[in-house]
Amino acid sequence: MSRTAGFNTVDVGQMRSETLLLTDGLMLIGGGSAGTAGGIKITTFLVLGVVVWAEIRGRSDVTVFNRRICPDAQRQALTVVLLAVGLVGVAT
């Protein structure tokens, strides 16, 4: 399973390709920033999502809950996601 429980509740060999793709996506995103889960972390994924949302709306400043996300954090999130996706792509 995509969560680290130490056991399988579902036979992974019987999963359809769509389910495996969703599971792989969840494992790529990973867990919270304070946890030991792998992946890019939920906060990095959310920062990138907020950046994309601001770009779609045509905003130059990226704000969440009336707080601005600095461009350095945006650049780091983009770099981490691109490296992770590239690494998974090459490994696959």
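A residue counts as exposed when its relative accessible area is over 50%, as buried when that area is under 20%, and as partly exposed in between. The exercises below apply this to a predicted model.

**Exercise 1. The loop between β1 and β2**

Task: Determine where Phe65 lies and whether Phe65 is buried or exposed.

Solution.
Step 1. Phe65 belongs to the loop that joins β1 (63-64) and β2 (67-68).
Step 2. Its relative accessibility is 80%, so Phe65 counts as exposed.
Step 3. The backbone of Phe65 has a positive phi of about 50°, although the residue is not a glycine.
Step 4. Asn66 is also placed in the loop between β1 and β2. With 82% relative accessibility, Asn66 counts as exposed, and its phi is positive at about 60°, again without the residue being a glycine.

**Exercise 2. The length of helix α1**

Task: Establish what span helix α1 (residues 17-29) should have at 1.5 Å a residue, and compare this with the model.

Solution.
Step 1. The expected span is 1.5 Å times one less than the number of residues.
Step 2. For the 13 residues of α1 this gives 18 Å.
Step 3. The end C-alpha atoms of α1 are 19 Å apart, which agrees with the expected value.
Step 4. As for the flanks of the helix, Gly30 comes just after α1 and adopts a positive phi of about 85°. Met15 lies in the segment before α1 and, at 16% relative accessibility, counts as buried. From the C-alpha atom of Met15 to that of Gly35, 20 residues away along the chain, the separation is 27 Å.

**Exercise 3. The salt bridges**

Task: State how many salt bridges the model contains, and characterise the residues that form them.

Solution.
Step 1. The criterion is a side-chain nitrogen of Lys or Arg within 4 Å of a carboxyl oxygen of Asp or Glu. Under this rule the count is two.
Step 2. One salt bridge pairs Arg16 with Glu18, whose closest N and O atoms are 3.4 Å apart. Arg16 is exposed, since its relative accessible area is 58%, whereas Glu18, at 48%, counts as partly exposed.
Step 3. Another links the side chains of Asp72 and Arg75, with an N to O distance of 3.0 Å. Because Asp72 and Arg75 are three residues apart in helix α3 (residues 71-91), about one helical turn separates them.
Step 4. Asp72 has 45% relative accessibility and therefore counts as partly exposed. Between Asp72 and Val85, 13 residues apart in sequence, the C-alpha to C-alpha distance is 20 Å.

**Exercise 4. The packing of α2 and α3**

Task: Describe how the axes of helix α2 (residues 42-57) and α3 are arranged, and identify which residues meet.

Solution.
Step 1. The two axes come within 9 Å and cross at roughly 115°.
Step 2. Angles of 65 to 115 degrees count as roughly perpendicular, so α2 is roughly perpendicular to α3.
Step 3. The crossing of α2 past α3 is left-handed.
Step 4. On the α2 side, the residues in contact are Thr44, Val47, Leu48 and Val51. On the α3 side, their partners are Ala73, Gln74, Ala77, Leu78, Val80 and Val81.

Definitions and conventions:
Residues numbered from 1 in each chain as written. Predicted model: local features only at pLDDT ≥ 70, side-chain atom pairs only at ≥ 80, totals over all residues. Heavy atoms only, no water. Helix = DSSP H or I, 4+ residues; strand = E, 2+ residues; numbered from the N terminus. Buried < 20%, exposed > 50% of the residue type's maximum accessible area, 1.4 Å probe, protein only. Axes fitted to C-alpha atoms, helices over the stretch in contact; angles between N-to-C directions. Parallel < 35°, antiparallel > 145°, perpendicular 65-115°, else oblique. Left-handed = near helix turned anticlockwise from the far one by under 90°. Contact = heavy atoms within 4.5 Å.
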